[in-house]
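Biologist: I should like to learn how to read the contacts between side chains in a structural model. Could we begin with charged residues and then turn to aromatic rings?

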Amino acid sequence: MVILFNKPFGVLSQFTPEGGHPALDTFGFPPDVYAAGRLDHDSEGALLLTDNGKLVKKLLDPKFEHPRTYLAQVEGEITPEALKQLSKGVVIKGYHTKPCKAERAEQPENLWDRVPPIRYRANIPTSWVRLTLIEGKNRQVRHMTAAVGFPTLRLIRVQIGNIAIADLQPGEWRIVTEQVL
């Protein structure tokens with residue numbers, strides 16, 4: 001069984017609450033499923049859960065390079081130069097990230113409100129970037145956008161492989177039948 005979950009902001013990608021943050025144990029998942037990967041508590045969006053240990057191993061093994069797509073709301077108007085840098089890979093914490101797909105995006109029409117909302121500053125605009133990565137280092141998208149001068153304010157994973165979050169609202173989940181890899 002594979003479940004697509006729209007992880008809300010502030011929720012941990014584990015079944016045990018910790019540090020005052022709620023966890024996956026409160027969303028009514030079937031027994032014996034586990035998160036196939038992680039999404040930081042301050043990130044939102046697509047998280048897969050499964051009872052298939054082989055699938056978890058495959059999803060977490062970097063050699064399979066499965067794509068993950070994110071929408072990042074960044075501080076400032078993202079430039080073509082920054083997008084080019086992101087697509088070629090950037091150095092974060094001494095590591096050069098693999099090339100990725102990076103493009104300017106419009107704010108999604110069906111975007112839910114984040115609670116709490118991102119910080120708002122009237123004199124600093126924000127813009128959206130769509131990034132598709134084939135690796136998943138800790139807080140990678142946030143480090144990448146900061147490295148090119150555009151700190152991430154909000155991060156939403158919208159797709160894992162060919163499974164898109166679509167109209168799934170935060171806290172909602174569904175069993176998926178699509179082939180993950």
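Modeller: This model is predicted. Lys98 has a relative accessible area of 30%, so Lys98 is partly exposed. Glu65 has a value of 35% and is partly exposed as well.

Biologist: How far apart are the N and O atoms in the salt bridge of Glu65 and Lys98?

Modeller: Side chains of opposite charge can pair when their charged atoms come close. Here the side chains of Glu65 and Lys98 meet at 3.0 Å, N to O. The pair links distant parts of the chain, 33 residues apart: Glu65 lies in the loop between helix H1 and strand S4, and Lys98 in the loop between strands S6 and S7.

Biologist: How many salt bridges does the structure hold?

Modeller: There are seven salt bridges. One of them joins Arg139 to Asp42, with the closest N and O atoms 3.0 Å apart. Arg139 lies in the loop between S8 and H3 and Asp42 in the loop between S2 and strand S3, so this pair ties together parts that are 97 residues apart in sequence.

Biologist: Are Arg139 and Asp42 buried or exposed, or something in between?

Modeller: Arg139 counts as partly exposed because its relative accessibility is 30%. Asp42, at 15%, counts as buried. Salt bridges that share partners also join Asp40, Asp42, Arg139 and Arg142 into one network.

Biologist: Where in the chain do Glu44 and Arg154 lie?

Modeller: The side chains of Glu44 and Arg154 form a salt bridge of 2.7 Å, N to O. Glu44 lies in strand S3 and Arg154 in strand S9, so the pair ties together parts that are 110 residues apart in sequence. Both Glu44 and Arg154 are buried.

Biologist: Which side chain of opposite charge is nearest to Glu135?

Modeller: That side chain belongs to Lys137, 4.9 Å away. Glu135 is buried yet has no salt bridge. A salt bridge requires a nitrogen and a carboxyl oxygen within 4 Å, so the distance to Lys137 does not qualify. Glu135 lies in the loop between strand S8 and helix H3.

Biologist: What polar contacts does the side chain of Glu135 make with the side chains of Tyr95 and Gln140?

Modeller: The contact with Tyr95 is 2.4 Å, and the contact with Gln140 is 3.0 Å. Tyr95 also takes part in another arrangement: the charged end of Lys137 sits over its ring, 4.6 Å from the centre. Similarly, Arg114 lies over the face of Phe9, at 3.9 Å from the ring centre.

Biologist: How many aromatic pairs does the structure hold?

Modeller: A pair of aromatic rings is described by the distance of the centres and the angle of the planes. The structure holds five such pairs. In one of them, Phe15 and Phe29 are edge-to-face, at 6.2 Å centre to centre with 80° between the planes. Both residues lie in the loop between strands S1 and S2, so the pair ties together parts that are 14 residues apart in sequence. Phe15 counts as partly exposed at 29% relative accessibility, whereas Phe29 counts as buried at 12%.

Biologist: How are the rings of Phe29 and Trp173 placed?

Modeller: Their centres are 5.3 Å apart and their planes are at 45°, so the pair is tilted. Phe29 and Trp173 are 144 residues apart, with Trp173 in strand S11. Trp173 counts as partly exposed, at 28% relative accessibility. Ring pairs link Phe5, Phe15, Phe27, Phe29 and Trp173 into a cluster.

How values were computed. Residues numbered from 1 in each chain as written. Predicted model: local features only at pLDDT ≥ 70, side-chain atom pairs only at ≥ 80, totals over all residues. Heavy atoms only, no water. Phe/Tyr/Trp six-rings, centres within 6.5 Å; stacked < 30°, edge-to-face > 60°. Helix = DSSP H or I, 4+ residues; strand = E, 2+ residues; numbered from the N terminus. Buried < 20%, exposed > 50% of the residue type's maximum accessible area, 1.4 Å probe, protein only. Lys NZ or Arg CZ within 6 Å of the ring centre and 35° of its normal. Lys, Arg positive; Asp, Glu negative; His and termini not counted. Polar contact = N/O pair within 3.5 Å; in protein donor to acceptor, adjacent residues only side chain to side chain.
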